[in-house]
Amino acid sequence: MTARGCRTGLAVAGIVLFLGTAAAAADGAIVLRGARVLTMDPAKPEAQAIALVDGAIAAVGSAEDIAPFLKGATVYDLPETALVLPGFQDSHNHLIWSATAAEDISLTDVADEAGLRAAIEPTLSKLPDGAWLRGGGWSVAVYKDLSAKALDAITGDRPAYFEDVDGHSGWANSAALKAAGIDACTKDPEGGRIERDAQGNPTGLLRETAMALVGDLLPDYPEAQVDAGLEKGQTEALSYGITAIIDPSATEWMLAGYQRADGAEKLKLNVEAAVKIEAEEGAAGAQRVLGLKNRYTSPHLEVTSVKLFVDGVIETGTAALLEAYVGSNSAGDPLFTQEQLDAVAVAADRVNLQLHAHAIGDRAVRMALDAYAAARKANGARDSRHQITHLELIDPADIPRFKELGVIANIQALWAYPDTYIVDLTEQKIGPERSQWLYPFGALKNAGATLAGSSDWSVSSMNPLEAIQTGVLRQDIADPNGKVLTPQHKLDVMDMVAAYTINGAYAAFDEDNSGSLTVGKRADVVVLDRDITKVPPTEISQGKVLATMIEGVPVYEGEGLPKPAGP
Ligand SMILES: [Zn+2]
């Protein structure tokens, strides 16, 4: 149950009283009709119309069923081809962080020295003396000369630090390395790596926990940047029909930012947040997270979970595998020992915190499952809904354990197609046999796992329709004739819709309030211009959102939404 769920609970009670006087109940309703309503509620899967009253769903059914709500209502006569769905839930979206950082220098698509210069120089000329150049978005798949010297040539003596697009590597210039005291004598921190040249000098690239050596020196973002960023990011989310998110790695400034927005009645999305605990902090971290949970609860915000980074990513060899990388003796080191991971999982589970583990390699996935099993053994089985996200490579022996342990598979379906990352940087590193188990969503589903859908924005687009199409086709959305990634792991479109609606609500312990169009639930609704369950799958991602409503209030209106009639 979320804080917001509690509030809606009151609203629903109000409606029940209201229904005694049908005429009064109708006043001020919003009615959507004329299009197919796909409820995601097995008790009544389909309907033709829906009425929203006082922030909650008051009726779902035929034209007759909603007739009592028409008087004084705002009525949308939707195109017949449209589809009404529960609002999308993005179960892993770094909204406030990414939206704030989006105001920094962007190295997205930087492919050469000229591009790097063009990205950095405009900011360089504006910054006060001594201020840091900061930003991110670079990708080793696009730009190769990732040296401190390459940055120095542009930045001079000013410290500069840029994170890569997936947040697992940092690129520092010489001034930043110097400020952090990193030189040839600096040891790699536990769970991290300072990349070095043949002489042992740091190159400027920092992996995983080594990123903090420089990252921790960056000044806090000004509140104005956070507030402006969040507003922009939220606007984008609403335009894609997203009505709730899990923010998987919130720090205190991020929680404060959400809360500030909520206090100003600007936070529309329902936000559940996870807070990271690292191996070094260990089990004591659970109490710190509880402290944050107490401080940062507001109507649309709740800290529910602990984020655990179990490993890195395959492309840089930092994902933890059960067997070594091809052509290497290394299988990648996890960021926790099993004992450390178990200790955090047991402590967090004991105080009813949910666990949200980043696990990419098959060893990391197994470690997370083992830790969840350890928590269950220590604290007893309960409805814990722990999650593992990313799940790039899973050993087939571990697939049934998701169902057995009640672990939610939190998937980024948009990653499951043969792009450069997969073809050049992943398949070659793990070989053909293991590559059969890349993003094995179909196997997870067949083994009874609950799949929740998410974007990992801003690692990739937060448009759920792109993820839904890719989950179904496992093919580049830009190339309908392109190669398919391990077709045995394709999902049905309804699996993907469930992942982004009712299963997302379940992952957030919010299924009593959201995730389906059921009378009494919060009126979080998305209207799409097409029925994505019926159009050819290659056309799903071209779908447009006609309207997004949260608590019955239109928060986004797209092109093509008919003007409502009345009251
Ligand atoms: Zn993430």
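A residue counts as buried when its relative accessible area is under 20%. By that cut-off H92, with 0% relative accessibility, is buried in this predicted model. This residue offers a convenient entry into the structure, for H92 is one of the ligands of the zinc ion.

The zinc ion is coordinated by NE2 of H92, NE2 of H94 and an OD atom of D456, at 2.1 Å. Along the chain these donors follow the spacing H-x1-H-x361-D. H92 belongs to the loop between β6 (88–90) and α4 (95–101), whereas D456 belongs to the loop between β19 (451–453) and α17 (464–473); the pair therefore ties together parts that are 364 residues apart in sequence. D456 has a relative accessible area of 4%, and because this is under 20%, D456 is buried.

The two strands that precede these loops, β6 and β19, also appear in the description of the sheet. An open sheet of 8 strands runs in the order β6-β13-β14-β15-β16-β17-β18-β19, with parallel pairing. β6 and β19 stand at its edges and have a single partner strand each, so one side of each is left without a neighbour in the sheet. From one strand to the next, the twist averages 25°. Within this sheet, strand β13 (residues 242–247) pairs with strand β14 (residues 270–276) in the parallel sense, over 4 bridges. I246 has E272 in β14 as its bridge partner.

The UniProt record, in an unreviewed entry, lists residues 82–556 as "domain: Amidohydrolase". Over this range the chain is 34% helix and 19% strand. The C-alpha atoms at the two ends of the range are 16 Å apart.

Aromatic contacts come next. The structure holds 5 aromatic pairs. In one of them, W138 and W171, the ring centres lie 5.9 Å apart and the planes meet at 80°; since planes over 60 degrees apart count as edge-to-face, the pair is edge-to-face. W138 lies in strand β8 (residues 133–138) and W171 in strand β10 (residues 169–172), so this pair ties together parts that are 33 residues apart in sequence. Both rings belong to buried residues: W138 has a relative accessible area of 2%, and W171 has a relative accessibility of 0%. W138 and W171 form one aromatic cluster together with Y143.

Aromatic rings also receive charged groups. The charged end of R134 sits over the ring of Y221, 3.9 Å from the ring centre. Likewise, the charged end of R385 sits over the ring of Y506, at 3.8 Å from its centre.

Burial may also be followed along a helix and into a loop. Helix α18 (residues 493–500) is mostly covered, with 7 of its 8 residues buried. The buried residues of α18 are V493, D495, M496, V497, A498, A499 and Y500. A320 is found in the loop between β15 (301–309) and α12 (338–350). A320 has a relative accessible area of 0%, and therefore this loop residue is buried. A distance of 24 Å separates the C-alpha atom of A320 from that of L146, and the two residues are 174 residues apart along the chain.

Note on methods: Residues numbered from 1 in each chain as written. Predicted model: local features only at pLDDT ≥ 70, side-chain atom pairs only at ≥ 80, totals over all residues. Heavy atoms only, no water. Donors = N, O, S within 2.8 Å, 3.2 Å for Na, K, Ca; no water. Buried < 20%, exposed > 50% of the residue type's maximum accessible area, 1.4 Å probe, protein only. UniProt positions renumbered as here; feature names shortened; annotations may be inferred. Phe/Tyr/Trp six-rings, centres within 6.5 Å; stacked < 30°, edge-to-face > 60°. Lys NZ or Arg CZ within 6 Å of the ring centre and 35° of its normal. Pairing = 2+ DSSP bridges. Axes fitted to C-alpha atoms, helices over the stretch in contact; angles between N-to-C directions.
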